[in-house]
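Thanks for making time this morning. I would like to walk through one model with you, going from a strand to a helix and then to the cavities.

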Amino acid sequence: MLSDLRTLARVLTDDLAPSSASESVVLSERPHAKLIRFGSADQLRAARESGQVPVLLVPPLAVPAHCYDLAPGAQPGNSVVEFLLGTGTVPYVIDFGDVGYADRRLGFEDYFGTFIPRAIGEVIDDFRAGPDAVDLMGWSLGGTLSLMTAAAQRDLPIRSVITVGTPLNYQKIEPYPLLRRLLGPTQGKPVTYLLRALGGIPSIAVQLAYRASSWDRELRKPQYILANLRDTDALVRMQVIDRFQNSLPGYPGKVSEQMLVNLILRDEIARGELHFGSVTVDLTSITAPVFMAGSHRDAIVSHAAAEHGLSLFTDSVHAEFHTVETSHLGLLTGAIAEQETWPAIAAFREEIGRY
């Protein structure tokens, strides 16, 4: 009983899961584009000698970059970074950082036109071995940004694009069809005016929306804690997820408008051609290999919305889709990701390495 009370106290004071991060070094630090390399000097040397293609991890907007490195060492399956290092690959991540009202003019074109292409060049300069190429990997909207970059910057040395839980047809995700019917006649102007006034979507709204997507988990949490007082691994995983949810930043104003108008109301991403002012991004022109994963249990991105990519990337030399039945975050990290998503990614990278 006393040990149970101690465990409960550690859960309630957020002191059960270790606060850890994989070994890393900051290579460059610019506003909304900090580039970090993971791994030790020995791991970097080994990857260079073996000719491994590095991976640039692209986080979703309104999600911290450490989504790819959740509590490494605490328990298996938490850290994508650990998984990649375990395959002999050196992962890099571009950290977009927090956003505020001053960043309201940031649009998708800043990310796929400047931030990510510059990071790709810096990764290649830093790695200095093997083929001059990178694999882009993105979870959720990080996959969207990766695909936009590959389509808009055709001369970039992108060997492949790996997406996990990435929405590619918003009309297959509730409640967006209803939103389209309600706001379509005005092209969303009442909402876009509000977004401009706010300068985007604040972090508290993002955090509440993410929790609302798994409202049943939130309601059952007290019962879950009491039922698992002697299952430390389960409570550590819960606390890791809670910390992640509490760290979600907001969306810049212009990106928020583009998400509403381009992705939802105009349905441009489902058709494969997006228009951002004078810039056109044709996703159907991507020829690099594309990996996709989705789930019927994903409350944020429906299976059909993720699988829609198979009808978009017909010019790709190799496009594959994997169904992994788990939550949105569970597609990326956790026991099921470790058992299914990660091995599929490793097999995909090994297969395209033979091309």
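**Strand 3 and its surroundings**

Strand 3, residues 55-58, is covered on both faces, with V55 and L57 buried on one side and L56 and V58 buried on the other; buried here means under 20% relative accessible area, with a 1.4 Å probe and protein chains only, and strands (E, at least two residues) and helices (H or I, at least four) are DSSP runs numbered from the N terminus. This is a predicted model, in which local features need pLDDT of at least 70 and side-chain atom pairs count only at pLDDT 80 or more, while totals for chains, interfaces and linings use all residues. Residues are numbered from 1 along each chain as its sequence is written, and side-chain values use heavy atoms, with hydrogens and water left out.

Strand 3 runs parallel to strand 4, residues 91-95, and 3 bridges join them, where pairing requires at least two DSSP bridges; the bridge partner of L57 in strand 4 is V93. With strand 5, residues 134-139, strand 3 also pairs in the parallel sense, over 4 bridges, and there V55 stands opposite D135.

What about helix 5, residues 141-152: how many of its 12 residues are buried? The count is 11, so helix 5 is largely enclosed by the rest of the structure, and among the buried residues are L141, L145 and M148.

Finally, the second largest cavity, a set of points on a 1 Å grid over the protein atoms alone where a 1.4 Å probe fits but cannot get out, is lined (an atom within 4 Å of a point) by residues including P54, F127 and R128.

Methods. Buried < 20%, exposed > 50% of the residue type's maximum accessible area, 1.4 Å probe, protein only. 1 Å grid on protein atoms, 1.4 Å probe; cavity = no way out; pocket = protein on both sides within 12 Å on 5 of 7 lines; lining within 4 Å.
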